[in-house]
Amino acid sequence: MNEIKTRLLKFYEANEAKMDIAFFLGGFFFDVLTLSDVDDLLGVAQQVVYLLTLGAILYFDFLGTHGLFQIPKRLERVWNYRQLIVHFLLGSLLSLYSLFFLKSASLWSSLIFILLLMGLMVANELKRVQQSEINIKIGLYVICVFSFFSMLVPVILGFVGIVPFLLSIALTGFTLYGVFALLRRKIQDVKLLQRSLVAPGATVLALFFVFYFIGWIPPVPLSIQNMGIYHMIEKSEGNYIVSSEKPAWKFWHTGDQDFRAKPDDKIYFFAQIFSPARFSDSVILHWYYKDPRAGWQTTDRIPMNITGGRKNGYRGFASKQNYSEGEWRISVETTDGREIGRIYFTVTKVTDITPDRVFYKETF
């Protein structure tokens, strides 16, 4: 058994970079294949275990770096593989939160935030980062802790907005302070703790604070599952039946994004929005018209109440009868102005009344 362990250790040391990448990819694809709903209890428990394990390793690694912790002899060989575990857990958590944020974010409004998370996943595998001081990994860890609370708190409260965000910031700060207090018992050099722990943690929280008010923090746990533009929407036996003229070859369109409007036609917007069970909140359907001279102008802001618990998402729609020809867009936003999704469409008014139009129906 000792011989096998020795061979494994030598193999890892000879192929460290490849092994680190393999463990990172393993963590990423593990989350892709096992991704559950944001309010799934097993998924939340898994994140807690990951965060506690990762926090414990970073804690003892920090002490070990400064000669304040000696790993027991019987655990030395296992401890040699701690970086593999750190890379797997960081890669797994960052990919998990990136996927959740990607589901909840409109790429148009949150692209920079998503790219930042993706960049951190890549940076986690760079040799310079892996061999750097522990404070970089602490910064990544604080990001994971904040991401965890920013998903859990709205699920518990049942709504999104400034209150869940500030609570998430406070809980992350409290966690950081708890780690600081534990380390303070072992390390007398306060400046070292401020430089290696407080500074990266506070920087991450400050960036998230700025990102929120810029509108870059996605409104997890809400996510758009489907939305489209239609000529008619009817409700029958608990289902929504939508009608559009969309030809089959325009597979990239959702409904009548090329809306041919005859007199008395209404524009119908339909959306399916996922939210967890016991969730009750509102979203705003923000209608914009692109004025040839003034650019995008708000025409309507229609509130839509949503309730959670339906696996295929809450369904709702809005209609508009007074409109002009030209380019339009509808943004689905939270009440605090963060965009969940948007759709563009063009209105062309037609006056011919023959032949009769052919509508294609879908059921949601």
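## Salt bridges and a nonpolar surface patch

A search of the whole structure, which is a predicted model, finds 7 salt bridges. Three of these pairs are described here, and the table lists their partners together with the separation of the closest N and O atoms.

| Pair | N to O distance |
|---|---|
| Glu-234 and Lys-361 | 3.9 Å |
| Asp-300 and Lys-320 | 2.4 Å |
| Arg-301 and Glu-333 | 3.9 Å |

In the pair formed by Glu-234 and Lys-361, distant parts of the chain are linked, since Glu-234 belongs to strand S2 (residues 232-236) while Lys-361 belongs to strand S11 (residues 360-363), and the two residues are 127 residues apart. Glu-234 counts as partly exposed because its relative accessibility is 39%, whereas Lys-361 counts as exposed because its relative accessibility is 55%, and the cut-off for exposed is over 50%.

The side chains of Asp-300 and Lys-320 also meet in a salt bridge, and this pair again connects distant parts of the chain, with Asp-300 in strand S7 (residues 295-307), Lys-320 in strand S8 (residues 314-320), and their positions 20 residues apart in the numbering. Asp-300, at 25% relative accessibility, counts as partly exposed, but Lys-320 has a relative accessible area of 11% and is therefore buried, because buried means under 20%.

Strand S7 also holds Arg-301, whose salt-bridge partner Glu-333 lies in strand S9 (residues 326-334), so this pair ties together parts that are 32 residues apart in sequence. Glu-333 is buried, as its relative accessible area is 7%.

A further feature of the model is found on the surface. Ile-156, Leu-157, Phe-159, Ile-162, Val-163, Leu-166, Leu-167, Phe-209 and Phe-213 form a nonpolar patch there, and together they have about 780 Å² of accessible area. Helix H8 (134-157), helix H9 (162-186) and helix H10 (190-214) are the elements that give two or more residues to this patch. Which helix gives the largest share of the nonpolar patch? That share, 4 residues, comes from H9.

Phe-209, one of the patch residues, has its place in helix H10. With a relative accessible area of 38%, Phe-209 is partly exposed, and this value is compatible with membership of the patch because patch residues need over 30% relative accessible area.

How values were computed. Residues are numbered from 1 along each chain as its sequence is written. This is a predicted model: local features need pLDDT of at least 70, side-chain atom pairs count only at pLDDT 80 or more; totals for chains, interfaces and linings use all residues. Side-chain values use heavy atoms; hydrogens and water are left out. A salt bridge is a side-chain nitrogen of Lys or Arg within 4 Å of a carboxyl oxygen of Asp or Glu. Buried means under 20% relative accessible area, exposed over 50%, partly exposed in between (1.4 Å probe, protein chains only). Patches are made of residues with over 30% relative accessible area and no salt bridge: like charges are joined within 9 Å, nonpolar side chains (Val, Leu, Ile, Met, Phe, Trp, Tyr) within 5 Å. Accessible areas come from the Shrake-Rupley method with a 1.4 Å probe; for residues, only the protein chains shown count as cover.
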